Amino acid sequence: DLHATMLSAFHERGVRQPVLVGFSGGALHALGLGLRRASGARGIVALSGCAERSASEREELRAFARHLRAGAQLQDLMPGRMLSPAWVERPDAVAEVKGWLAAAPAEVLAAELEASASMPNLLPLLRELQVPLLARVGALDVIHRPALSQAMAKAASRGAAQVVPGVGHALLLEDAEGTAAAIEVFLSELP
């Protein structure tokens, strides 16, 4: 159980009352951890994330994992999925997101995609969330549409959604300063 392993690592390192931040599939992990009272989380930030996946989205993740394991070169798919149309025109941004698939071995990425595809839908559980949730997403995100972040925020009793105009899935690349500032404000408002 990945979340149990992460909780154990927190406790071993003396991490108490963390603010859990996750980007994309990592947002699902942050939510899963935050729903466990043992995490002691003070807040959760979900960036370009989701709390549930449809059957077709789950199959898409599994197919991507199979292609990675088979050695397929999928870098050219990344810009159109990760970036807004304006940022697809920027060679530096295109190179950046293409490089993301090389950041970890293909087997590690495939295992993470499969784990994400197998996670339960957390949206119905968010009403039990005892901590503030910030769900921030780009208005042009084609992977995790803004409606998914808005649904998370609505489901959580202390949730807030922020939709960033003109930005795609790569929120941390296209809106780095704005996202950092939003997280700083969120942190400053935590009890």
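I count two strands as paired if DSSP finds at least two bridges between them. With that settled, I opened this predicted model and started on the sheet.

**Entry 1, the sheet.** I looked up strand E1 and strand E2 (residues 43-47), and they pair in the parallel sense over five bridges. Along this pair, I found Phe 23 opposite Leu 47 in E2. Stepping back, I saw an open sheet of four strands, ordered E1-E2-E3-E4, with parallel pairing. Its edges are strand E1 (19-23) and strand E4 (159-164), each of which pairs on one side only. I also checked the twist: neighbouring strands of this sheet are turned by 10 degrees against each other on average, direction ignored.

**Entry 2, helix H7.** Next I asked which residues of H7 are buried. They turn out to be Ala 110, Leu 113, Ser 116 and Ala 117. Because they cover an arc of only 125 degrees around the axis, they lie on the same side of H7. What do the buried residues of H7 pack against? I found helix H2 (25-34) and helix H3 (55-69) there. I then tried a length check on H7 (residues 106-118): at 1.5 Å a residue, its 13 residues should span 18 Å, and the end C-alpha atoms are 18 Å apart, so the two agree.

**Entry 3, Glu 89.** Is Glu 89 buried or exposed? I have it as exposed, because its relative accessible area is 63%, and the cut-off for exposed is over 50%. Glu 89 sits in the loop between helix H5 (85-88) and helix H6 (91-99). Last, I took the distance from Glu 89 to Leu 148, which is 59 residues away along the chain: their C-alpha atoms are separated by 27 Å.

How values were computed: Residues numbered from 1 in each chain as written. Predicted model: local features only at pLDDT ≥ 70, side-chain atom pairs only at ≥ 80, totals over all residues. Heavy atoms only, no water. Buried < 20%, exposed > 50% of the residue type's maximum accessible area, 1.4 Å probe, protein only. Expected span 1.5 Å × (residues − 1). Arc of directions from axis to C-beta. Contact = heavy atoms within 4.5 Å. Axes fitted to C-alpha atoms, helices over the stretch in contact; angles between N-to-C directions.
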